[in-house]
Amino acid sequence: RVQLVESGGGSVQAGGSLRLSCVASELTYYGTYCMGWFRQVPGKEREGVAVYSDNNGRTLYADSVKGRFTISQGNAKNTMYLQMNSLKPEDTAMYYCAADLTFCYSASFSPRDFDSWGQGTQVTVSS
C-alpha cells in the first residue's frame, strides 16, 4: 500500500469547474497498476468516477461524468488529476483517490480491487 493525498476539492456553483489532484507517496507496483477516482455521498455506496489503467493506457468513466470529467496522469507517474467541468449538484460528494498496485490489467469500478485509498476531498456543487 501507498499513501495517497488528495487536494483541490471545494464549493462551486453549477456549471463551474474544479481540478482534483492525488499524489502517491511512492509508486511501487507489481506488474502493472491502475489509479482512479471514486466518490461517495452519505448513505450510498462508493461509486467509481474515472479509472486509468497503466497496462493499456485506457480510462474508464462513469456514464454520469462522460464528456465532463477527464482523468490524467502528471509528468510524474505518482500524480493523478481529475478535471471536472460543467459540474452539477449531483456531483456533490466526497471524492477519493485509489490505487490498485498489483497486476491491474484493466480498469474497473470495483472498490475491492483497490488496495490504497486517500482520505478524500469534499466537492460541493450548489444550484
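Me: A salt bridge is a side-chain nitrogen of Lys or Arg within 4 Å of a carboxyl oxygen of Asp or Glu. The model discussed here is predicted: local features need pLDDT of at least 70, side-chain atom pairs count only at pLDDT 80 or more, and totals for chains, interfaces and linings use all residues. Residues are numbered from 1 along each chain as its sequence is written, and side-chain values use heavy atoms, with hydrogens and water left out. Which side chain meets that of Asp 54 in a salt bridge?

Reply: Strands (E, at least two residues) and helices (H or I, at least four) are DSSP runs, numbered from the N terminus. Asp 54 lies in the loop between β5 and β6 (59–61) and its partner in the loop between β7 and β8, so the pair ties together parts that are 23 residues apart in sequence. At 3.7 Å from N to O, the side chain that meets Asp 54 is that of Lys 77.

Me: Is Lys 77 buried, partly exposed or exposed?

Reply: Buried means under 20% relative accessible area, exposed over 50%, and partly exposed in between (1.4 Å probe, protein chains only). With a relative accessibility of 40%, Lys 77 is partly exposed.

Me: Which residues are linked with Arg 39 in a network of salt bridges?

Reply: Arg 39 pairs with Glu 47 at 2.6 Å, N to O, and with Asp 91 at 3.0 Å, N to O. Arg 39 lies in strand β4 and Asp 91 in the loop between β8 and β9, so this second pair ties together parts that are 52 residues apart in sequence. Arg 39 is buried at 6% relative accessible area, Asp 91 is buried at 0%, and Glu 47 is partly exposed at 36%. The residues linked with Arg 39 in the network are Glu 47, Arg 68 and Asp 91.

Me: What is the pairing of the bonded cysteines, numbered in sequence order?

Reply: A disulfide is counted as a pair of cysteine sulfur atoms within 2.5 Å, and this rule gives two disulfides. Cys 22 is bonded to Cys 97, with sulfur atoms 2.0 Å apart, and Cys 34 to Cys 104, with sulfur atoms 1.9 Å apart. In sequence order the pairing is therefore 1-3, 2-4.

Me: Why is the disulfide of Cys 22 and Cys 97 assigned its handedness, and what is that handedness?

Reply: The torsion about its S-S bond is about -75°, and the sign of this value sets the assignment. Cys 22 lies in strand β3 (residues 18–24) and Cys 97 in strand β9 (residues 93–100), so the pair ties together parts that are 75 residues apart in sequence. Cys 22 has a relative accessible area of 0% and is buried, and Cys 97 is likewise buried at 0%. With a torsion of about -75°, the disulfide is left-handed.

Me: How many residues apart are Cys 34 and Cys 104?

Reply: The link of Cys 34 and Cys 104 is left-handed, with -85° about its S-S bond. Cys 34 is in strand β4 (residues 34–40) and Cys 104 in the loop between β9 and β10 (116–117), distant parts of the chain, and their separation is 70 residues.

Me: Which residues have the most contacts inside the largest nonpolar core?

Reply: A nonpolar core is a set of buried Ala, Val, Leu, Ile, Met, Phe, Trp, Tyr and Cys residues joined through side-chain atoms within 4.5 Å. The largest core has 30 residues, and β3, β4, β5 (47–53), β7 (69–73), β8, β9 and β11 (121–126) each supply at least two of them. A second, separate core of six residues includes Cys 34, Phe 38, Cys 104 and Phe 114. In the largest core, the residues with the most contacts are Met 35, Trp 37, Leu 82, Met 84 and Tyr 95.

Me: Which residues form a nonpolar patch on the surface with Phe 103?

Reply: Patches are made of residues with over 30% relative accessible area and no salt bridge, where like charges are joined within 9 Å and nonpolar side chains (Val, Leu, Ile, Met, Phe, Trp, Tyr) within 5 Å. Phe 103 is found in the loop between β9 and β10, is partly exposed at 46%, and has a positive phi of about 50° although it is not a glycine. The patch has about 370 Å² of accessible area together, by the Shrake-Rupley method with a 1.4 Å probe, where for residues only the protein chains shown count as cover. The residues that join Phe 103 in the patch are Tyr 30 and Tyr 105.
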